[in-house]
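User: I would like to go through the labels attached to this model and see what each one rests on. Please set the values against the cut-offs.

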Amino acid sequence: MENVVSKNSCISQNRISQIKVFLCMCLANFLQNVIASINGPLYPPEAESKGLSPATYGVVLSFFRFVMLVFGPIFGVYMEKIGLKRAFVIGVFLNGISPVLFGLLDFVDSYTPYLILSLLLRGFEGFGAILFLCSMFMMSTTVFHGRVAMSFAILQTVFLVGNSIGPLLGSLLNSSFGYAAPYILFGILQMITSVLAAWTLPKDTLNTSSSISNSLRGYLEILKIPSVAIFIYACGVSGTGPEFLTAILEPNLRQFSLGKVEVGLVFCLVAFLQLVSPLWGYLIDILKKPHLFALIGSIVMVTAVVMVGPFPGINPDYGILVAGLVTFGLAQGILSVSSITNLRLSIMQNGIKESMISISFVSMGYLTATSVGATIGPLMAGVLYQEFGFQNATLFLIVGNLILGFLVLGIIFCRTSKSIARSAEYSDTSHNDAEKNLLFNRSSRMSYS
């Protein structure tokens, strides 16, 4: 009886510990995305007041993701050596202190110091973000045994909630207390979260004796799979769109004479329907058609961008723009969920068993690919907007998603052709077996006679 009570007590304590860890991860993930999303409505006008052009502040916005791109693969390989808890705590702290200092750049008036400091602080913020995000994804696989998919789904929802309300909260604080207020507030909250993480997270229990060369060989083996490369590209496309709009949507909205809060609400529309992403995950699990959802996502995304631009030759209309942004959020949710799901399934369907190497590849591949997209997005947006205007610039997103649609369509066609060939082969085999049985029966009857 005492053993049963002791066992139940241990299970209860373990669940409480898991809940604490997960809440800490959710809080850090939420604040990181709030901090990242407030740049859309706030930074472009501030940067222009300092003399930065759209192309220049596009580079500043993309530098955050560029740093994530550079260090993502490194942390993915060496994370077990660094330690998950150490990486998480340090990453969250850097992700908090950087925006506090970034908000204080409002008091720097000179062009060159402002630009250099902006790049440095965005780089530190990106370094902290990729450090704690890599550790968070890997921690989900070690702490939540048997519930990895569910933990990823919830973290994705928290990510989208932060992206949804961040622009609105930032615009409200900016209009009431000035430019620096939202950066300082959310940055301090993130630093407090790092202290909570140091107290809450368990000690690392990973086997750090595993060979790094084995991990590299495993990654190279996975990269040889053609469908893996295609869905890494899909992850990159899903990371490009939001950052592309973040860089140039606010300057485009000026033609409609909106207030700061109204601009914040418009940015919220981009992420609003992404909140139903768990629904797409549920439907993908039930219908077992992840490739079809990737194709649908690319088609809906092209439709959304055509409305947002609008397509060159169509006169801009605020109502169509709003409808396009809502559709954009819907498509973004489908693309994000289907991309990481297809990436994982592509590995498993090619005979590679799920292990720490495959799981870390999925998390590292997803984060690296989205970082590539999020680096290219604002960079291309600033250059194209400055040279050709908003309408022509959106053609970049249309072409990228059309390429994705054709690639996914090719995968669906190949899989369908293989299924038909296998069915035909099975039918021929069954027919031959039937003929052999018939001949055998006849010969048996002749021998008996």
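User: Why is Glu 48 called partly exposed?

Analyst: Its relative accessible area is 30%. Buried means under 20%, exposed means over 50%, and partly exposed is what lies in between, with a 1.4 Å probe and protein chains only. A value of 30% falls in between, so Glu 48 is partly exposed. The model is predicted: local features need pLDDT of at least 70, side-chain atom pairs count only at pLDDT 80 or more, and totals for chains, interfaces and linings use all residues. Residues are numbered from 1 along each chain as its sequence is written, and side-chain values use heavy atoms, without hydrogens and water.

User: What makes the contact of Arg 254 with Glu 48 a salt bridge?

Analyst: The term requires a side-chain nitrogen of Lys or Arg within 4 Å of a carboxyl oxygen of Asp or Glu. For Arg 254 and Glu 48 the closest N and O atoms are 3.0 Å apart, which is within 4 Å, so the pair qualifies. Arg 254 belongs to the loop between helix 9 and helix 10, while Glu 48 belongs to helix 2 (residues 39-49), so the bridge ties together parts 206 residues apart in sequence. Helices here are DSSP runs of H or I, at least four residues, and they are numbered from the N terminus. The accessibility of Arg 254 is 38%, so Arg 254 also counts as partly exposed. The structure holds seven salt bridges.

User: How do you know that Lys 50 and Asp 109 form a salt bridge, and which parts does the pair join?

Analyst: Their side chains are 3.3 Å apart, N to O, and that is within the limit for the term, so they count. Lys 50 sits in the loop between helix 2 and helix 3, and Asp 109 sits in the loop between helix 4 (84-103) and helix 5 (111-143), so parts 59 residues apart in sequence are tied together.

User: Are Lys 50 and Asp 109 buried or exposed?

Analyst: Lys 50 has a relative accessible area of 10% and is therefore buried. Asp 109 reaches 61%, so Asp 109 is exposed.

User: How many residues separate Glu 125 from Arg 122 in helix 5, and what joins their side chains?

Analyst: The two are three residues apart in helix 5, which means a separation of about one helical turn. An α-helix has 3.6 residues a turn, so residues three or four places apart point the same way. Their side chains meet in a salt bridge at 3.7 Å, N to O, and both Glu 125 and Arg 122 are buried. Elsewhere, salt bridges that share partners join Glu 46, Lys 50 and Asp 109 into one network.

User: Why are helix 12 and helix 13 called roughly antiparallel?

Analyst: Helix 12 (290-308) and helix 13 (318-348) pack at about 155 degrees, with axes 7 Å apart. That angle makes helix 12 roughly antiparallel to helix 13. Under 35 degrees counts as roughly parallel, over 145 as roughly antiparallel, 65 to 115 as roughly perpendicular, and the rest as oblique. The axes are lines fitted to C-alpha atoms over the stretch in contact, and angles run from 0 to 180 degrees between N-to-C directions.

User: What makes helix 11 and helix 13 oblique?

Analyst: They pack at about 45 degrees, with their axes 9 Å apart. An angle of 45 degrees lies in none of the named ranges, so the pair is oblique.

User: What is unusual in the backbone of the loop between helix 12 and helix 13?

Analyst: Pro 310 lies in that loop, and the peptide bond from Gly 309 to Pro 310 is cis, with omega near -15 degrees.

User: Which residues other than glycine have a positive phi, and how exposed are they?

Analyst: Among them is Ser 257, with phi of about 55 degrees. Ser 257 lies in the loop between helix 9 (226-253) and helix 10 (260-272), and its relative accessibility is 67%, so it is exposed. Another is Lys 288, with phi near 60 degrees. Lys 288 lies in the loop between helix 11 (277-287) and helix 12, and its 63% likewise makes it exposed.

User: Why does Thr 368 count as buried, and where does it lie?

Analyst: Thr 368 has 16% relative accessibility, so it counts as buried. Thr 368 lies in helix 14 (residues 356-388). Its C-alpha atom is 8.7 Å from that of Phe 71, although the two residues are 297 apart along the chain.
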